[in-house]
Amino acid sequence: MQPCFICSKQRGDMKSAGGVIYEDEHVSVSHMGISGESQSAYLGYLIIETKRHTRGLGDLTDEEASAVFVATNRMSRILRDSLQAEHVYSYVRGDAVPHFHMHLIPRYAGTPEPFWHPVQLAEWPDAPRGNTSQIVQVCSQLRAAMTN
Ligand SMILES: [Zn+2]
């Protein structure tokens, strides 16, 4: 059996770029990308994970489902207010990593309409992308906005 990528991240075997932005007893929110990875990530692309290893939609307890949606709503508000996202997409796929996680992707002003789609956004050549240090900066900004 393959070790679970999200469980090993939560155990601290690897660190998401920018660290945890928000967490409660059921969920943890971090930026896409692993610390030190050389490839850049779409800035503001967040992942909301359950702390418990569970597969996908339909497998969450009511408490986990509530926590996921509260985090989705709060983080979306912050992406709008703090990073000036004009719209926020979210989706659950889970084909690659069978541990519940929700993608949260901001769409920024000026994104051409053919890229208005949660998966196609990052394919826009001018999409705002950043390396680990830029991701760290975005995460600090989001964390600060959470406490305000
Ligand atoms: Zn897991």
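# Exercises on a predicted zinc-bound model

At 53% relative accessibility, Q84 counts as exposed, because the cut-off for that class is over 50%. The model used in these exercises is predicted.

**Exercise 1. Describe Q84 by its place in the chain and its backbone angle.**

Step 1. Locate the residue: Q84 sits in the loop between helix 2 and strand 5. Helix 2 covers residues 62-83, and strand 5 covers 85-91.

Step 2. Read the backbone: phi of Q84 is positive, about 60°, although Q84 is not a glycine.

**Exercise 2. Identify the protein donors of the zinc ion and assign their geometry.**

Step 1. List the donors. They are SG of C4, SG of C7, ND1 of H53 and ND1 of H99, at 2.0 to 2.3 Å from the zinc ion.

Step 2. Check the angles. The 4 donor atoms subtend 106 to 117° around the zinc ion, so the arrangement is tetrahedral. The rule asks that all angles lie between 85 and 135 degrees. For reference, the ideal angle for four tetrahedral donors is 109.5 degrees.

Step 3. Write the spacing of the donor residues in sequence: C-x2-C-x45-H-x45-H. The pair C7 and H99 links distant parts of the chain, 92 residues apart. C7 belongs to helix 1 (residues 5-11), while H99 is in the loop between strand 5 and strand 6 (101-108).

Step 4. Classify H99 by accessibility. Its value is 0%, so H99 counts as buried.

**Exercise 3. Characterise the largest pocket by volume and lining.**

Step 1. State the volume, which is about 620 Å³ for the largest pocket.

Step 2. Find the residues at the centre. The lining has 27 residues, of which M32, G33, Y45, I47 and H103 are the closest to the pocket's centre.

Step 3. Assign the lining to elements. Helix 1, strand 3 (41-42), strand 4 (46-50) and strand 6 each give two or more residues. Helix 1 has the largest share, with 3 residues.

Step 4. Sort the lining by class: 14 residues are nonpolar, 7 polar and 6 charged.

**Exercise 4. Count the cavities of 30 Å³ or more and describe the largest cavity.**

Step 1. The count comes to 1 cavity at that threshold.

Step 2. The volume of the largest cavity is about 40 Å³.

Step 3. Its lining is formed by A17, G33, I34, E37, Q39, A41, G130, N131, T132 and I135. By class, that lining holds 4 nonpolar, 5 polar and 1 charged residues.

**Exercise 5. For I78 and S40, give the location, the accessibility class and a C-alpha distance to a residue far along the chain.**

Step 1. Take I78, which lies in helix 2. With 10% relative accessibility I78 counts as buried, because the limit for that class is under 20%. Its C-alpha atom is 11 Å from that of C139, and the two residues are 61 residues apart along the chain.

Step 2. Take S40, in the loop between strand 2 (27-31) and strand 3. At 30% relative accessibility S40 counts as partly exposed. C-alpha to C-alpha, S40 and P128 are 9.7 Å apart in space, against 88 residues in sequence.

**Exercise 6. Relate the UniProt domain record to the model.**

Step 1. Read the record: an unreviewed UniProt entry lists residues 44-114 as "domain: HIT".

Step 2. Describe that span in the model. Residues 44-114 are 31% helix and 28% strand, and the end C-alpha atoms lie 20 Å apart.

How values were computed. Residues numbered from 1 in each chain as written. Predicted model: local features only at pLDDT ≥ 70, side-chain atom pairs only at ≥ 80, totals over all residues. Heavy atoms only, no water. Donors = N, O, S within 2.8 Å, 3.2 Å for Na, K, Ca; no water. Tetrahedral: all angles 85-135°; square planar, octahedral: opposite > 155°, others 65-115°. Helix = DSSP H or I, 4+ residues; strand = E, 2+ residues; numbered from the N terminus. Buried < 20%, exposed > 50% of the residue type's maximum accessible area, 1.4 Å probe, protein only. 1 Å grid on protein atoms, 1.4 Å probe; cavity = no way out; pocket = protein on both sides within 12 Å on 5 of 7 lines; lining within 4 Å. Points joined across faces, edges and corners; volume = space filled by probe spheres on them. Nonpolar A, V, L, I, M, F, W, Y, C, P; charged D, E, K, R; others polar. UniProt positions renumbered as here; feature names shortened; annotations may be inferred.
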